[in-house]
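Got your viewer open? Load the model and set it to cartoon, then follow along stop by stop.

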Amino acid sequence: MEVEGSSKPMIATQAEMVEARVPISYRDQCAHLLIPLNKCRQAEFYLPWKCENERHVYEKCEYELVMERMLKMQKIREEEAKLKQAQKQGNPIPLVPKTANA
């Protein structure tokens with residue numbers, strides 16, 4: 001399953017996430033890493049030093065998603081700035097295309 005606007009595919013299915021009781025807010029492209037992390041946490045009584053590897057892998061995945069969204073937003077802002085600059089220079093973007101009058 002491919003998520004629009006992201007380079008990472010969804011690996012965990014909705015059924016797997018429901019079965020693992022993953023909260024809706026955590027059901028993203030890194031959910032397949034959260035499921036074994038939560039299982040490890042429960043098995044190890046949430047001792048913070050027990051599941052370090054799983055936690056690191058999950059947090060790295062989340063970090064990469066955030067960075068990807070930030071880069072995408074930066075590109076959108078740059079495009080908007082170019083459009084505003086073009087409007088200031090006297091090249092307004094027409095509201096009605098020329099082909100509409102024909």
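Here is a short tour, from the whole chain down to single side chains.

**The whole chain.** Keep in mind that you're looking at a predicted model. Colour by secondary structure and you'll get three helices and zero strands, so to speak in DSSP terms, running α-α-α from the N terminus on. Switch on a surface: the chain exposes about 8500 Å², with carbon and sulfur atoms supplying 58% of that. Of the 102 residues, 19% are buried. If you draw contacts between residues at least 6 apart in sequence, 35% of them join residues at least 24 apart.

**Helix 3.** Now select residues 52-88, which make up helix 3. Put a distance between the first and last C-alpha of this 37-residue helix and you should read 53 Å, close to the 54 Å expected at 1.5 Å a residue. Show side chains for Tyr 58, Cys 61, Glu 62 and Leu 65, as these helix 3 residues are buried. Part of what covers the buried residues of helix 3 is helix 2, so add 31-43 to your selection. Just past the end of helix 3, click on Gly 90: its phi is positive, about 95 degrees.

**Glu 62.** Back into helix 3, centre on Glu 62. Which side chain of opposite charge is nearest to Glu 62? That's Arg 69, 5.6 Å away, and Glu 62 has no salt bridge despite being buried. The cut-off for a salt bridge is 4 Å, so a 5.6 Å separation doesn't qualify. Setting aside neighbours within four places in sequence, Glu 62 is in contact with Asp 28 and Cys 30.

**Leu 65.** Stay on helix 3 and pick Leu 65. Why does Leu 65 count as buried? Because its relative accessibility is 4%, and the limit for buried is under 20%. Beyond its neighbours within four places in sequence, show Ser 6, Lys 8, Asp 28, Gln 29 and Cys 30, which Leu 65 is in contact with. Try a C-alpha to C-alpha distance from Leu 65 to Cys 30: the two are 35 residues apart in sequence but 8.6 Å apart in space.

**Phe 45 and its patch.** For the last stop, go to the loop between helix 2 and helix 3 and select Phe 45. Is Phe 45 buried or exposed? Exposed, because its relative accessible area is 69%. Add Leu 47 and Trp 49, and colour the surface: together with Phe 45 they make a nonpolar patch of about 390 Å².

Definitions and conventions
Residues are numbered from 1 along each chain as its sequence is written. This is a predicted model: local features need pLDDT of at least 70, side-chain atom pairs count only at pLDDT 80 or more; totals for chains, interfaces and linings use all residues. Side-chain values use heavy atoms; hydrogens and water are left out. Helices (H or I, at least four residues) and strands (E, at least two) are DSSP runs, numbered from the N terminus. The expected span of a helix is 1.5 Å times one less than its number of residues. Buried means under 20% relative accessible area, exposed over 50%, partly exposed in between (1.4 Å probe, protein chains only). Contact means heavy atoms within 4.5 Å. Lys and Arg count as positive and Asp and Glu as negative; His and the chain ends are not counted. Patches are made of residues with over 30% relative accessible area and no salt bridge: like charges are joined within 9 Å, nonpolar side chains (Val, Leu, Ile, Met, Phe, Trp, Tyr) within 5 Å. Accessible areas come from the Shrake-Rupley method with a 1.4 Å probe; for residues, only the protein chains shown count as cover.
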